[in-house]
Amino acid sequence: MDYRKIFNTAPDVEARAPGRVNLLGEHTDYNDGFVLPTAIPQHTTVAIGFSPDDHHHFYSAELEEQVDLDPAGANPEGFASYVNGCIRILETAGHKIPPLNIFVTSSVPIGSGLSSSAALEVATLRGLRSLLQLPLDDVEIAQFGQQAEIQYAGVSCGILDQMASSLADTDHMLFLDTRTLDRQILSFPTGAEIVVIDSGVARSLATSGYNQRRAECEAAAEQLSVKALRDITDPQQAEQLPEPLRQRARHVITENNRVLKALEGITPEAFGELMNASHASLRDDYEVSVPALDALVDILQTTPDVFGARLTGAGFGGACVALVTKGKGDAIAHSTLERYNHAGHNGRLLVS
Ligand code: ADP
Ligand code: MG
């Protein structure tokens, strides 16, 4: 399926944007902290042309769904809310957008924590930038994408996903200070590649658990008299807090320190140790792991040629990321899934 088949003409522009996986810096973004994502090979492609009538027409190849939209009408639901959100945000910023045909197709797994939503927003905004010659830089694209997701898709997300999709590539990691948006593009650890495996456990408690952790972090910051936990660098300072705030704050403080450590151009072995420590902290202090994620991480951490592994994303289910010797990813993923699924789980490979 492509643009021509749906709209009976050729598109005027095509643009793409990748999904992402976060290597270090989990649950730090809403604490004004540091994150370290990389782009994954899978990406979303949009093809855009001018609509022959006064409506927008959006088509998703993955959903096999077309949405026809009055540009002056109400915001739609579902995937069209992300695409329309990007258009509306640009209009709010003063850009004139004519009625459009937009065809979407993607190899990013949808709803698996690899940020198909940011890939959709960034690809759409890149396509609109090139079609309409809009003066937008890559950071503005990320910020407009985030605003589209918050205001039109109704997801209160940070800036991590959109910045990663807009600025990272698969050979580099993006260090991002989520408070200042200061950033560095860093080489990937030498001789290493990533594997991402879905645990097969749905993130059913993710929203309530996430909101509770956010509230606990805010309470901890208030009791420590700082604007956000990012302002604390010494984990000793968390010791004065009552539980569970003490352990929540300790995770955020040590996790931020791990991200900063990773900027020092360390070996893949040392990077892997930071990932292992991150998982232990997410499991024991932040309490967002589940037994299946622990089992999957345990298999990965005890497999030869694996430098380190951790849950990635908010937790309560979802995926694990491992840093492994370059060229060994496929074999490691295969053997890991065999062992993990043999134990009764429903894991599947997302990236290798
Ligand atoms: P994630 O970003 O982790 O994949 P989200 O729940 O944030 O998960 O975003 C998934 C949503 O993004 C989908 O439900 C859909 O609305 C939209 N989306 C992403 N990619 C596509 C696509 N290729 N076609 C249609 N909708 C998509
Ligand atoms: Mg998303």
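This passage walks through a predicted model, from its nonpolar cores to a loop residue and a bound ligand. Local features are reported at pLDDT of at least 70 and side-chain atom pairs at pLDDT 80 or more, while totals for chains, interfaces and linings use all residues. Residues are numbered from 1 along each chain as its sequence is written, chains are lettered from A and ligands numbered from 1 in the order in which they are written, and side-chain values use heavy atoms, with hydrogens and water left out.

A good place to begin is the interior. The largest nonpolar core has 36 residues; such a core is a set of buried Ala, Val, Leu, Ile, Met, Phe, Trp, Tyr and Cys residues joined through side-chain atoms within 4.5 Å, where buried means under 20% relative accessible area, exposed over 50% and partly exposed in between, with a 1.4 Å probe and protein chains only. Two or more residues each come from strand S8 (192-198), H6, H7, helix H9 (291-301), strand S9 (306-312), strand S10 (319-325) and helix H10 (329-342). These elements are DSSP runs numbered from the N terminus, with helices (H or I) of at least four residues and strands (E) of at least two. H9 supplies the largest share, six residues. Leu229, Leu241, Ala249, Tyr286 and Leu300 have the most contacts inside this core. Beyond four places in sequence, Ala249 touches Ala220, Leu229, Ala238 and Leu241, a contact being heavy atoms within 4.5 Å. Another core, of 32 residues, lies apart and includes Phe58, Leu120, Leu128 and Leu136.

Val226 sits in the loop between helix H6 (206-223) and helix H7 (245-262). With a relative accessible area of 22%, Val226 is partly exposed. Outside its neighbours within four places in sequence, Val226 is in contact with Ala221, Asp231 and Ile232. The C-alpha atom of Val226 is 36 Å from that of Ile194, 32 residues away along the chain.

Turning to the ligand, 17 residues surround ligand 1, and the closest are Ser60, Glu62, Gly111, Ser116 and Ser117; a residue counts if one of its heavy atoms lies within 4 Å. A nitrogen atom of ligand 1 is 2.8 Å from an N or O atom in the side chain of Ser60. Oxygen atoms of the ligand lie 3.0 Å from a polar backbone atom of Gly113 and 3.0 Å from an N or O atom in the side chain of Ser117. Taken alone, ligand 1 exposes 570 Å², of which the protein buries 80% (Shrake-Rupley method, 1.4 Å probe).

Note on methods: Polar contact = N/O pair within 3.5 Å; in protein donor to acceptor, adjacent residues only side chain to side chain.
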